[in-house]
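Student: Could you take me through one part of this model at close range? I would like to see how its pieces fit together.

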Amino acid sequence: MNLLVNELLKNSQTNRIFRVLWVDNGNVLAYLIDVEDKKAFPFAVGVNEIKEELIEDELMKIKQDDFLPVISDKTNKKNIAIRDKAWAVIKDIITNVPDIFDRDKRGQMIAEVMEKHVITKPTVYKYLRRYWQRGQTPNALLPDYSKSGGKGKDKASGSKKRGRPRKKFTGINVDQSIKKVFRVALEKYYLSTKKNSIPAAYNMMIKEFYAEDYYYEDGIKKVIIADEEELPSLDQFRYWYNKEYNVEEVTVARQGRKKYEKDFRAVLGSSTAEVIGPGSRYQIDATVADVYLISRYNPDWIIGRPVIYLVVDVFSRLVTGIYIGLEGPSWIGAMMALANVAADKQEFCREYGIEIPREAWPVQHFPEILLADRGELEGYNVERLISAFNIHVENTTPYRADWKAIVEKQFDTIQRKVKPFLPGYVDKDFQERGARDYRLDGKLTIEQFTQLILKQVIYYNTKHYLKDYLRDVDMIEDEVEPTPLKLWNWGLQNRSGKLRYFPEELVKLHLLPQSQATVTYKGIKIKGMCYSCERALKEFWFPTARQKGSWKIKAAFDPRNMSSIYLVNDENSFDTCHLLTGQRRYENKTLDEINYLLEYEKQMQKEAEHGQLQKEVDLISDAEAIVKPAVKKANEQQSKAISKTQKTKDIQENRKNERDARKKEEAFSLDKKQKTNKPADVVPINKQTADDEKGRYARPTIKEFLRKKGRKNDHE
């Protein structure tokens with residue numbers, strides 16, 4: 001049950017009548033005023049509180065508003081003058097809602113009005129109170145108005161049955177208690193997303209509120225309803241439903257607000273009325289095509305249904321940009337479509353083997369306003385697009401495709417034309433039991449499907465007659481045929497000024513995602529990868545970074561292929577950077593693939609950490625197994641009588657002796673039969689013994705060498 005501004009609510013206990021002055025956007029808070037109290041002021045009430053009182057029948061909605069003033073041709077001119085004078089006093093402050101309802105803020109506004117119009121405070125309050133109590137219109141300020149009597153008012157319930165006498169039985173009168181039951185039943189069983197019918201809601205009401213007894217049948221509890229003469233009839237139930245609820249309340253309750261706004265609201269305007277010429281407004285949207293395609297690499301691979309992006313000029317209905325691919329509705333798809341808006345359409349069609357004259361698709365321009373869905377064109381990417389090209393971007397609310405009716409209609413028009421030629425086309429009975437599996441009928445690749453759609457777009461732009469297009473007087477005088485291209489060309493000559501041209505490469509640069517790259521001595525790092533470029537080498541970026549530290553630079557990248565990135569310069573130019581040789585594993589990979597690889601390696605490292613920790617702990621144990629016995633043995637064998645000085649003075653000699661001993665142990669032996677732990681046999685020369693050889697070739701120690709040298713000097 002919605003609460004509407006200017007509705008009248010009557011308290012069933014006090015009979016006071018209140019007018020709804022304002023309801024906030026969140027449907028949380030409302031301001032009311034007593035319409036009959038001469039000293040009334042607006043007061044705040046919670047919307048849920050009001051709804052509960054309506055359901056409990058403590059408040060009732062009054063459909064007939066007897067407090068609205070009536071003005072006719074016979075209205076006194078003096079009264080109209082009084083009305084206009086009062087309106088001039090308050091018109092500047094009554095729009096300041098909800099501040100005007102706050103006592104402190106209202107007092108400041110009234111003080112300004114008093115000073116401006118030289119008027120007393122009671123007079124201003126009289127005007128405001130009259131304005132609020134009588135319907136919040138200028139006519140509410142008329143000094144006198146006629147009351148329209150009791151038409152539409154609820155009649156008092158008596159013992160005599162009201163209405164046309166019934167042939168079968170007298171029935172009951174619907175009093176306040178029965179109306180309360182009606183209201184609860186309607187709210188519970190009819191005004192819900194279950195979408196029960198009125199008779200079904202009536203039956204459930206009878207079962208719940210008019211059961212006198214119950215019994216069990218086959219284990220099921222069943223109720224016994226009251227006699228017919230004690231029940232309200234279905235006609236009464238339907239009558240009070242029609243009297244209490246309007247079509248908007250019912251539709252919103254049963255279908256939801258979004259569904260109501262999309263399919264059931266009144267449509268009193270048109271998209272064309274919002275524009276003045278080509279480029280005033282473009283609409284962009286995506287749809288999944290009703291056809292299954294196959295892979296160009298393997299015809300046995302079914303790749304699913306492609307996504308079609310269209311950008312349409314609202315003024316002329318001309319398709320200004322298109323993208324067909326496998327990217328779901330996302331920024332990537334929207335980026336490709338917007339890049340195509342700025343592309344040379346003749347060159348674009350030539351890529352698909354289609355030759356057209358340049359004048360057949362003369363569009364390389366951006367609009368003043370772009371209307372899109374919230375998903376693709378929200379966030380940082382679109383903000384950069386706005387700042388770079390001064391485009392005003394508007395986003396529709398969710399599930400409001402009707403706000404992009406122009407582009408939505410083109411999807412239907414274009415797909416309907418090509419349907420007879422499409423193998424793998426998805427019909428309405430798809431996925432129904434027994435229906436043909438259209439996925440198996442796919443024969444076209446995405447390139448062939450794009451070629452077919454391009455043919456249809458060219459036909460649509462140049463020859464499709466827009467039978468529902470409302471031409472204005474100037475178009476009719478110039479006998480402009482309502483085809484998109486002719487409307488576009490006529491608009492360029494007579495309504496130009498909104499189109500904007502930007503180089504295609506510059507458009508692509510600003511459409512690509514951007515991020516901060518870091519210049520380091522190892523390269524230009526971004527997303528975990530390193531790049532280099534000719535400019536960086538010429539300007540010695542990398543040696544500078546090693547000596548003075550790294551710095552940030554803006555870079556654009558295409559997430560579909562990270563082989564290159566683009567350094568964005570302030571003068572709207574860019575430098576192309578390529579992956580370093582050591583980073584070739586990332587070449588021709590998407591950003592998603594690279595992130596997956598990096599995350600996979602991180603996961604492997606994380607999984608290996610526990611095993612590595614175990615190995616390190618095992619190493620500690622092995623080291624302790626060696627060190628502890630060695631320390632114990634050394635402590636046992638080392639002499640306590642030798643001083644520290646004595647232990648350290650012969651380090652060099654001890655080192656030499658140790659080295660000489662190890663030389664013998666480390667000597668290579670090429671005889672595999674010889675055991676490594678057995679000393680090698682020495683063959684004596686000239687029948688000398690090993691001991692003789694040892695004595696002959698033994699090297700004297702330093703002390704022996706100095707002693708021998710001293711004796712030699714003494715002899716000399």
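Tutor: Let's start with Tyr 566, which stands opposite Thr 576 of strand E22. This is a predicted model, so please read what follows in that light. The pairing around these residues joins strand E21, residues 561–568, to strand E22, residues 574–579, in the antiparallel sense, and it extends over 5 bridges. As a reminder, strands of a sheet pair through backbone hydrogen bonds, either parallel or antiparallel.

Now step back from that pair. E21 and E22 belong to a closed barrel of 6 strands, and you can trace it in the order E17-E18-E19-E22-E21-E20, with antiparallel pairing. As you go round, the twist from one strand to the next averages 45 degrees.

There is a helix to add to the picture. Helix H19, residues 541–548, lies across E21. The strands that H19 lies across also include E17 (514–520), E18 (523–526), E19 (529–532) and E20 (551–558). Relative to E17, H19 runs at about 75 degrees.

For a helix-on-helix view elsewhere in the chain, turn to H3 (residues 103–117) and H4 (residues 121–133), which pack at an angle of about 120 degrees with their axes 10 Å apart. H3 passes H4 in a right-handed crossing. On the H3 side the contact is made by Arg 106, Ile 110, Val 113 and Met 114, while H4 brings Lys 121, Val 124, Tyr 125, Leu 128 and Trp 132. By type, these residues divide into 7 nonpolar, no polar and 2 charged. Trp 132 is buried, because its relative accessible area of 2% falls under 20%.

How values were computed. Residues are numbered from 1 along each chain as its sequence is written. This is a predicted model: local features need pLDDT of at least 70, side-chain atom pairs count only at pLDDT 80 or more; totals for chains, interfaces and linings use all residues. Side-chain values use heavy atoms; hydrogens and water are left out. Axes are lines fitted to C-alpha atoms, for helices over the stretch in contact, and angles run from 0 to 180 degrees between N-to-C directions. Helices (H or I, at least four residues) and strands (E, at least two) are DSSP runs, numbered from the N terminus. A crossing is left-handed if the near helix is turned anticlockwise from the far one by less than a right angle, and right-handed if clockwise. Contact means heavy atoms within 4.5 Å. Ala, Val, Leu, Ile, Met, Phe, Trp, Tyr, Cys and Pro count as nonpolar, Asp, Glu, Lys and Arg as charged, and the others, Gly among them, as polar. Buried means under 20% relative accessible area, exposed over 50%, partly exposed in between (1.4 Å probe, protein chains only). Two strands pair if DSSP finds at least two bridges between them.
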